[in-house]
Amino acid sequence: MTTTYEDTTAHAPEHTPRMGWAKHAPEVYKAIVALEMAARKGLDPALVELVKIRASQLNHCAFCLDMHTKDAIAAGESVERIVQLSALEESRHFYTEKEVAALELTEAVTVLTEGFVPDEVYEKAAKHFEEKELSHLIAIIATINVWNRFAVTTRMVPGHYTPGMFK
C-alpha cells in the first residue's frame, strides 16, 4: 500500500517543487539514467538500495529517501535494517562486513569535508570488493549523489513514489 500525504487537514501542506528539471533537461536526465544503469551492473541490488538510502540521509534528500526505502522494502529489505542506517556507527551488527565497508565508503564519498576519501575507508572497501565491483560501487555512490543534488535543489516532493514507477 502506498501512502500519499495529500490530506492537509491531518498533515502539514506539501511544499511546492521549484521546477521539473528532467522535463527541461531531458538529455541530462537520460544521461544520468544511463550512468545509473551502467553503475549498478554486477552489484547486489539490496546493497545498491542501502547505499542510496545512506547517501540520501546524509544529503537530506527526502524525495530519494522516499523512493529508495520503498524500493528496498519492495525488494525484500527489512524495515529494521533501513531504519538502523541512520545510526550506522552504533548499528554495524545489522550488516555484513562487506555492507559496512560499502556504507562507510558511501559516507566518505558523500561527505568530502576532509577533501578526500580516507585511505583506511578505501582500503577496507577494497578488501571486500574486487576492483571492477569497487569501480561500480564508487559509480553508484556518485550517481545517487547527483540525483540527490538535483532533487534537493529543485525541491522534488516526496510521498508519491511507488516502487518501479520510473522503470
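The legends below describe several close-up views of a predicted model.

**View 1. The largest pocket and the residues that line its walls in the predicted model.** The largest pocket holds about 720 Å³ of space, and of the 31 residues that line this pocket, Tyr29, Met67, His68, Trp147 and Phe166 are the closest to its centre. The elements that each give two or more residues to the lining are helix H1 (21-24), helix H2 (26-40), helix H3 (45-58), helix H4 (62-74) and helix H8 (131-154). Helix H4 supplies the largest share of the lining, namely seven residues. Sorted by class, the lining of the largest pocket comprises 21 nonpolar, four polar and six charged residues.

**View 2. The span that carries a domain annotation in UniProt.** The UniProt record, an unreviewed entry, places the feature "domain: Carboxymuconolactone decarboxylase-like" at residues 26-107. In the model, residues 26-107 are 72% helix and 0% strand, and the C-alpha atoms at the two ends of this span lie 29 Å apart.

**View 3. Lys52 in helix H3 and the residues in contact with its atoms.** Lys52, which is part of helix H3, has a relative accessible area of 3% and is therefore classed as buried, the limit for that class being under 20%. When residues up to four places away in sequence are not counted, Lys52 touches Glu36, Arg40, His68, Ile140 and Ile144. One of these contacts, His68, is also listed among the residues closest to the centre of the largest pocket.

**View 4. Thr143 in helix H8 and its contacts.** Thr143 lies in helix H8 and is buried, with a relative accessible area of 0%. Leaving aside neighbours within four places in sequence, Thr143 is in contact with Ile32, Leu35, Glu36 and Ala39. For one of these residues, Glu36, the separation along the chain from Thr143 is 107 residues, while the C-alpha atoms of the pair are separated by 6.2 Å. Glu36 appears as a contact of Thr143 and also as a contact of Lys52.

**View 5. Ile141 and Ala142, two residues of helix H8.** Ile141 is found in helix H8 and is buried, its relative accessible area being 0%, whereas Ala142, which also lies in helix H8, counts as partly exposed at 37% relative accessibility. With neighbours within four places in sequence set aside, the contacts of Ile141 are Val51, Ala102, Leu105, Thr106, Val109 and Thr110. Ile141 and Lys124 are 17 residues apart in sequence, and their C-alpha atoms are 16 Å apart in space. For Ala142 and Glu77, which are 65 residues apart along the chain, the C-alpha atoms are separated by 22 Å.

**View 6. Aromatic rings, with the pair formed by Phe94 and Tyr95 and a cluster that includes Trp147.** The structure holds five aromatic pairs. One of them is formed by Phe94 and Tyr95, whose ring centres are 6.4 Å apart and whose planes meet at 55°, an arrangement classed as tilted. Phe94 counts as partly exposed at 22% relative accessibility, whereas Tyr95, with a relative accessible area of 7%, is buried. The two residues fall into separate classes because the limit for a buried residue is under 20% relative accessible area. Elsewhere in the model, Trp21, Tyr29, Trp147 and Phe150 form one aromatic cluster; of these cluster members, Tyr29 and Trp147 are also listed among the residues closest to the centre of the largest pocket.

**View 7. His60 and Arg155, two residues with positive phi that are not glycine.** His60 lies in the loop between H3 and H4, where its phi is near 55°, a positive value in a residue other than glycine. At 67% relative accessibility, His60 counts as exposed. Arg155 is found in the segment after H8 and has a positive phi of about 55°, although Arg155 is not a glycine. With 34% relative accessibility, Arg155 counts as partly exposed, because exposed residues are those over 50% and buried residues those under 20%.

Notes: Residues are numbered from 1 along each chain as its sequence is written. This is a predicted model: local features need pLDDT of at least 70, side-chain atom pairs count only at pLDDT 80 or more; totals for chains, interfaces and linings use all residues. Side-chain values use heavy atoms; hydrogens and water are left out. On a 1 Å grid over the protein atoms alone, a cavity is a set of points where a 1.4 Å probe fits but cannot get out, and a pocket is an open set with protein on both sides within 12 Å along at least five of seven lines; lining residues have an atom within 4 Å of a point. Grid points are joined across faces, edges and corners, and a volume is the space filled by probe spheres set on the points. Helices (H or I, at least four residues) and strands (E, at least two) are DSSP runs, numbered from the N terminus. Ala, Val, Leu, Ile, Met, Phe, Trp, Tyr, Cys and Pro count as nonpolar, Asp, Glu, Lys and Arg as charged, and the others, Gly among them, as polar. Buried means under 20% relative accessible area, exposed over 50%, partly exposed in between (1.4 Å probe, protein chains only). Contact means heavy atoms within 4.5 Å. Rings of Phe, Tyr and Trp (its six-membered ring) pair if their centres lie within 6.5 Å; planes under 30 degrees apart count as stacked, over 60 as edge-to-face and the rest as tilted. UniProt positions are given in the numbering used here, feature names are shortened, and annotations may be inferred rather than shown by experiment.
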